[in-house]
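This briefing goes through selected features of one structure, grouped by topic. The sequence and the model come first.

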Amino acid sequence: MKKFIKILLIVILVFLFVIVKLKINSKNVKKDDFLFLKIFQNQNKFQEKEEYTFMVNYKNKSFKSINLSDTVNQNVSKKIAPGTSGKFNIVLNSNHNLKYRVEFKSKSDKPQNLNFIIIVDGRNLFRTNNLDEISGKISGKIVKNQKINLTVLWQWPYENEKDSNVDVQDTKDGKNIEKYQFEVTVFGEEE
């Protein structure tokens, strides 16, 4: 009898595990599923490198919309809030020798204390709290078949002990924002 109960418990646990795994892997999982289901979710999904690839062409522009909540580093939540950070890559390719220019345009309100660092091919290039301010300042030359990698690191610091107004602003921004979206546009010009 005890052996039967042990086997039954094992079968039930395996069955529950399979159901949870199938539920997590299904495309119908909503962002606000139960926290305990997200813990079992494959952590690699949250650690995947978000990459946006652009082909730089002469007299042409291409753009992509980026949702910052898709790039959050944290394993449980995909929401941006004080204390979160993340990164994504913008990869530029070209079939010609050209000049390029990268522009950013916010599509929604940005939390006031959200900061960005943009690294171009391993060199620190820009540190800003507003991507719109550096729009058009990221530019250079790209040669045929070259890949240029722009890594965008972002962080929303959790607390600022020196200025309580920052914490008040973070609370206000945290209540009003579900996601921060912006467009990245890449222009190609003749050398």
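**Briefing**

Ser 69 sits in the loop that runs between E2 and strand E3 (85-94). The model is predicted. The points below start from this loop residue and go on to a sheet, its salt bridges, a buried phenylalanine and the aromatic pairs.

**The loop after E2**

- With a relative accessible area of 2%, Ser 69 counts as buried, because the cut-off for buried is under 20%.
- The side chain of Ser 69 makes a polar contact of 2.8 Å with the side chain of Asn 67.
- Strand E2 spans residues 60-67.

**The four-stranded sheet**

- Four strands form an open sheet in the order E2-E9-E4-E7, and their pairing is antiparallel.
- Strand E2 (60-67) and strand E7 (138-142) are the edge strands, each of them pairing on one side only.
- On average, neighbouring strands of this sheet are turned by 20° against each other, direction ignored.
- Strand E4 (residues 98-106) and strand E9 (residues 181-190) run antiparallel and are joined by 9 bridges.
- Tyr 100 has Gly 188 of E9 standing opposite.

**Salt bridges**

- Side chains of opposite charge can pair when their charged atoms come close.
- The whole structure contains 2 salt bridges by this search.
- Arg 101 and Glu 103 form a salt bridge through their side chains, with an N to O distance of 2.9 Å.
- Arg 101 also forms a salt bridge with the side chain of Glu 189, at 2.5 Å from N to O.
- Since Arg 101 lies in strand E4 and Glu 189 in strand E9, the pair ties together parts that are 88 residues apart in sequence.
- Arg 101, Glu 103 and Glu 189 are thus linked in a network of salt bridges.
- The members of the network are partly exposed: Arg 101 has a relative accessibility of 21%, Glu 103 has a relative accessible area of 24%, and the value for Glu 189 is 33%.

**Phe 116 and its surroundings**

- Phe 116 belongs to strand E5 (residues 115-120).
- A relative accessible area of 1% makes Phe 116 buried.
- Leaving aside neighbours within four places in sequence, the residues in contact with Phe 116 include Leu 68, Lys 110, Phe 126, Leu 131, Val 152, Trp 154 and Tyr 180.
- Arg 127, Thr 128, Asn 129 and Leu 153 are also among the contacts of Phe 116.
- Trp 156 is 40 residues from Phe 116 along the chain, and their C-alpha atoms are separated by 9.0 Å.

**Aromatic pairs**

- A search of the whole structure gives 4 aromatic pairs.
- In one pair, the ring centres of Tyr 180 and Phe 182 are 5.5 Å apart and the planes lie at 40°, so the pair is tilted.
- Both rings of this pair belong to buried residues: Tyr 180 has a relative accessibility of 0%, and Phe 182 has a relative accessible area of 1%.
- Tyr 180 and Phe 182 form one aromatic cluster together with Tyr 52, Phe 88 and Phe 104.
- Tyr 180 also appears among the contacts of Phe 116.

Methods
Residues numbered from 1 in each chain as written. Predicted model: local features only at pLDDT ≥ 70, side-chain atom pairs only at ≥ 80, totals over all residues. Heavy atoms only, no water. Pairing = 2+ DSSP bridges. Helix = DSSP H or I, 4+ residues; strand = E, 2+ residues; numbered from the N terminus. Axes fitted to C-alpha atoms, helices over the stretch in contact; angles between N-to-C directions. Salt bridge = Lys/Arg side-chain N within 4 Å of Asp/Glu carboxyl O. Buried < 20%, exposed > 50% of the residue type's maximum accessible area, 1.4 Å probe, protein only. Contact = heavy atoms within 4.5 Å. Polar contact = N/O pair within 3.5 Å; in protein donor to acceptor, adjacent residues only side chain to side chain. Phe/Tyr/Trp six-rings, centres within 6.5 Å; stacked < 30°, edge-to-face > 60°.
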